[in-house]
Amino acid sequence: MKTNDIIIAPSIFASDFGCLAEEAKRIEAAGADVIHVDIMDGHFVPNLTLGPRALAAINRATDLFLDVHIMLYNPFSFIETLVESGADRITFHFEATEDVEDTLAFIRRCNVEAGLAFCPDTPADFALKFLDQCDLILMMTVSPGFGGQAFLPDVLEKVRFVRDVCKKLGIEKNKKPFPIQVDGGVDAKTAVQCVEAGANVLVSGTYLFKGDPTMKDAIDKLRLTAR
Ligand code: DX5
Ligand code: ZN
């Protein structure tokens with residue numbers, strides 16, 4: 001995959017929550033393609049993060065596409081609020097609802113993109129049925145809930161499997177490779193493995209916010225190494 005086909009999505013979860021608007025502007029100035037916003041409920045995952053009002057504040061601060069990853073039960077009930085708050089894509093967890101198809105369809109009816117996320121232990125086969133009903137598949141490369149965890153290399157097989165199926169069946173999005181996102185422990189080293197396996201949307205928190213030495217350098221490095 002060419003470098004410019006790789007989408008870099010800094011996770012604002014790793015930023016300074018005391019100045020979210022400035023952090024959103026910093027991500028934009030550093031040359032990111034989208035901002036990844038994690039929302040957690042303390043039940044589906046054992047942690048809490050931002051909510052719709054913080055998302056709206058980020059939306060006011062930037063023109064970047066807002067890639068919202070919700071780690072919560074009953075995702076259906078939050079969709080409209082998140083759309084009103086500026087979400088451009090809502091990715092929810094396969095494991096968090098029995099209404100996967102209805103939830104995907106409803107998100108799309110709200111004129112935003114629909115993503116479907118899978119925890120590391122969930123078999124990749126479950127994704128196949130939904131490939132033509134969603135705009136992105138997220139294969140978590142850590143257990144969702146916390147930043148700064150170690151990358152789980154076993155997930156690469158799942159990425160490879162879904163990419164192979166997309167290629168075989170000719171599943172694309174806007175005449176480009178279907179978006180397969182990875183999230184968790186992505187840095188300049190693991191990004192190479194992710195892209196080699198077929199991922200084309202890279203979420204990265206800790207690595208990008210620590211800078212290398214700046215966020216722009218870190219993003220450039222991700223793009224270059226992930227060729
Ligand atoms: C974890 C979140 C991630 C997290 C990634 O549940 O979904 O988006 O912010 O952070 P790093 O890159 O530090 O693993
Ligand atoms: Zn995330």
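**View 1. E196 and R160 meet in a salt bridge.** At 56% relative accessibility, E196 counts as exposed (exposed means over 50% relative accessible area, buried under 20%, and partly exposed in between, with a 1.4 Å probe and protein chains only). Its partner R160 is partly exposed, at 25%. The closest N and O atoms of E196 and R160 are 2.7 Å apart, which fits the definition of a salt bridge: a side-chain nitrogen of Lys or Arg within 4 Å of a carboxyl oxygen of Asp or Glu. Because E196 sits in helix α7 (residues 188-197) and R160 in helix α6 (residues 155-169), the pair ties together parts that are 36 residues apart in sequence. Helices here are DSSP runs of H or I with at least four residues, strands are runs of E with at least two, and both are numbered from the N terminus.

This is a predicted model, in which local features need pLDDT of at least 70 and side-chain atom pairs count only at pLDDT 80 or more, while totals for chains, interfaces and linings use all residues. Residues are numbered from 1 along each chain as its sequence is written, chains are lettered from A and ligands numbered from 1 in the order in which they are written, and side-chain values use heavy atoms, leaving out hydrogens and water.

**View 2. R26 and E23 form a salt bridge within helix α1.** Their closest N and O atoms are 2.8 Å apart. The two residues are three apart in helix α1 (residues 20-29), so about one helical turn separates them. Have a look at the surroundings: R26 is partly exposed at 35%, whereas E23 is buried at 7%.

**View 3. K216 and D220 pair up in helix α9.** Their side chains meet in a salt bridge of 2.8 Å, N to O. K216 is partly exposed at 43%, and D220 is partly exposed at 28%.

**View 4. Four residues hold the zinc ion (ligand 2).** H36 (NE2), D38 (OD), H69 (ND1) and D183 (OD) coordinate the ion at 2.1 to 2.3 Å. Donors are N, O and S atoms within 2.8 Å of the metal (3.2 Å for Na, K and Ca); water is not among the atoms, so sites may look incomplete. H36 in strand β2 (residues 34-40) and H69 in strand β3 (residues 65-71) are 33 residues apart, linking distant parts of the chain. H36 is buried at 0%, and H69 is buried at 1%.
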